[in-house]
2 protein chains.
Amino acid sequence: MKIINCKFSKEQYPVFIGNTVLTDESIWKPYLKGNDIVIITCKQVSNLYLTTLQKTLFTYNPEVIVLDNGEQIKTLEHFNHIINTLLATKHGRKTTLIALGGGSIGDLVGFVASCFLRGVDLIQVPTTLLAQVDSSIGGKNGVNNAYGKNLIGTFYHPKAVFINPNTIATLNHRDFASGLAEVVKYSLIYDNDFYDWLEENIKLINQQHQLIIQEMIYRTIKIKLAIVLEDEYENNKRAICNFGHSFGHAIERFFDYKKYLHGEAVAIGMVIASRLSYQLEHLTIAEVNRLLTLLQQLNLPINLPEKITINKLIELMKTDKKNQHGNFNIVILSNIGMARLWRNITATTLKKHLEQIF
Amino acid sequence: MKIINCKFSKEQYPVFIGNTVLTDESIWKPYLKGNDIVIITCKQVSNLYLTTLQKTLFTYNPEVIVLDNGEQIKTLEHFNHIINTLLATKHGRKTTLIALGGGSIGDLVGFVASCFLRGVDLIQVPTTLLAQVDSSIGGKNGVNNAYGKNLIGTFYHPKAVFINPNTIATLNHRDFASGLAEVVKYSLIYDNDFYDWLEENIKLINQQHQLIIQEMIYRTIKIKLAIVLEDEYENNKRAICNFGHSFGHAIERFFDYKKYLHGEAVAIGMVIASRLSYQLEHLTIAEVNRLLTLLQQLNLPINLPEKITINKLIELMKTDKKNQHGNFNIVILSNIGMARLWRNITATTLKKHLEQIF
């Protein structure tokens, strides 16, 4: 078991990483204030881990809300549905919501926890690699709407995060790779040693070697926390976490979130951003190629689909919430392990650069 | 001009109280970060003060969103409507939302500001007495749903609050009295000197004497802040602000928010809570009678409508978010100027006490 203490300005909470977190009630006890516990999960995850967790938390007699699978639950309608269910079953301010599932469950339940009766306790139990290394850490939550992803949400920290690295064994190939894309991202923007470590351990990672995966999750979370702690409310520094995401979000949206998983789109986005970094003379072509190799070995896509024109890409990027009034801030790499913001870029400038790439 | 500095754990911001706040651009300048300003108001208030404020903020070229009047805008649908409007008009994270209006506008826009792109700047310009002395101060916001009031919301502070006490001249008689109910409440729970002051100045208050009203607003906000600062996130102490509200909310809901204004229902609720305080031997009958006189002089109702049975009242109170699993915490008075919580009361106990009163 590894434990990371997340210490923010106002709050602190632990992240437990180990294969007993779903079965050992004693780890949970300090974080459950009362008997008013609601587990919110999706169908898929409920089939895999709900019974185990219910058994562990047996003495608390937790209620359960099971939602549909996937990103489509991240809407205001589902937010409203959960809140009405909680009210109909007379849950009050002492309720603890447990988000058991991937990033979509974590984002939706986190948003509900922050707004239900102006805030109730939240525990995150991320079961996908993507959620374990990224979305469950840092307090961001949100839902999507017609204009894009996570446009409605808050910053709200859980009381604890419980991560069982073994849960990724039940992920399909693509979901696993999608999570790895974020792992690679964190190494690229902050920690070249970790990037080297990923390259060296690529075989064991793909084999999902238990201790290597645990170490990988641990190191990724440490990086994310280091960045988030420098900028809890995302004013500046934290923006580097969006490396590859401006393009990635646009690619996801072009296909209405149907063709690519988040991490797959981010992988393509990271390639574009790395090529921009090369073009701006920050990164060498050898470093760009190293990244292409790593992503391919991790079974991630690296090419922008032909269907997406540069104009369309830029148009979609304009409605990303990170872009104020049409200009862009693009995260690029100075080196492997060091990111910086390319600020206030006009659509024309961006277009010119992208045309040179493709 | 009076200025109160609200200093919270993480943030601090000023409350300006004076008759130049809507016309003096220099007071606003430090609190507007950029040119991306959206004023959100209701029809009624827009007819009265929008042109003035637009003229004052002319150089910022603010956009305007005008909503319907009254409490019915406090829904997730309106929340969603505002967010979609902001996205459709390409507003980003640097947007400042100005809530110009009564408590409903303040609560709805505050909630939007806290969730739009995970939080944008907010300025409160409360134009009703109720909003000036209560809802604009302390960071609480929210919307209603079928289960009750403010069940969905967050804690989120504005960058500044601008109060022009003269705006209450355009309130109708009942809205003015409704605000006075909250003023009386704050004196009852925290400051017996202020309660005496209210009794002494009742004539000038009813005449809306400018300096007296300004002083009254100032003193009420000071009390509210003192309470809120002891308990920013409403764990305990802040609960005394709900004096009269458990009953008041139930009364409002019985009539589907149509018969009584919030403060009117709270006035009746305060009478019930004061009678309970007498029954529990905390308050003298003379003190209860003093309160009845004061409320009547302020044109507030004091009697529970006959239509509402005690059973119905308790049933409605059970769905109030302050009540966990059916038991009640009722704010009562130890003395005039000092409140305390009567904790964890069963419905049976409460019923027994209420039957003795009525």
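How many bridges join strand 3 of chain A to strand 5 of chain A, and which way do the two run? Let us start there, keeping in mind that this is a predicted model. Strand 3 covers residues 37-42 of chain A and strand 5 covers residues 96-101 of chain A; five bridges join them, and they run parallel. If you would like one spot to look at, find Ile40(A), which stands opposite Ala99(A) in strand 5 of chain A.

Two helices lie against this part of the chain. Helix 2, residues 43-56 of chain A, packs on the sheet and touches strand 3, strand 4 and strand 5 of chain A. The direction of helix 2 makes about 145° with that of strand 3 of chain A. Helix 4, residues 103-115 of chain A, also packs on the sheet, and touches strand 3, strand 5 and strand 6 (121-126) of chain A. Its direction makes about 170° with that of strand 5 of chain A.

Now step back to the whole sheet. In chain A it is an open sheet of seven strands with mixed pairing, and the strands come in the order 1-2-9-6-5-3-4. Strand 1 (2-7) and strand 4 (63-67) of chain A are at the edges; each has a single partner strand, so one side of each is left without a neighbour in the sheet. From one strand to the next, the twist averages 15°.

Next, look at how the two chains relate. A turn of 180° and a shift of 0.0 Å along the axis lay chain A on chain B with an RMSD of 0.0 Å. This is the relation of a two-fold axis. Both copies use the same surface, with 100% of the contact residues of chain A recurring in chain B.

What builds that contact? It takes 30 residues from chain A and 30 residues from chain B. On the side of chain A that touches chain B, the elements giving two or more residues are helix 3 (76-88), helix 4 and strand 8 (148-152) of chain A. Helix 3 of chain A gives the most, with five residues. By class, this side of chain A has 10 nonpolar, 13 polar and seven charged residues.

Finally, turn to a pair of helices in chain B. Helix 6 (residues 173-190) and helix 9 (residues 210-230) of chain B pack at an angle of about 50°, with their axes 10 Å apart. The two are therefore oblique to each other, and helix 6 of chain B passes helix 9 of chain B in a left-handed crossing. Val183(B), Tyr186(B) and Tyr190(B) make the contact from helix 6 of chain B, and the residues from helix 9 of chain B include Met216(B) and Ile223(B). By class, this contact has seven nonpolar, one polar and one charged residues.

Conventions: Residues numbered from 1 in each chain as written. Chains lettered and ligands numbered in written order. Predicted model: local features only at pLDDT ≥ 70, side-chain atom pairs only at ≥ 80, totals over all residues. Pairing = 2+ DSSP bridges. Helix = DSSP H or I, 4+ residues; strand = E, 2+ residues; numbered from the N terminus. Axes fitted to C-alpha atoms, helices over the stretch in contact; angles between N-to-C directions. Contact = placed C-beta atoms within 7 Å. Least-squares fit on C-alpha atoms with pLDDT ≥ 70 in both. Nonpolar A, V, L, I, M, F, W, Y, C, P; charged D, E, K, R; others polar. Parallel < 35°, antiparallel > 145°, perpendicular 65-115°, else oblique. Left-handed = near helix turned anticlockwise from the far one by under 90°.
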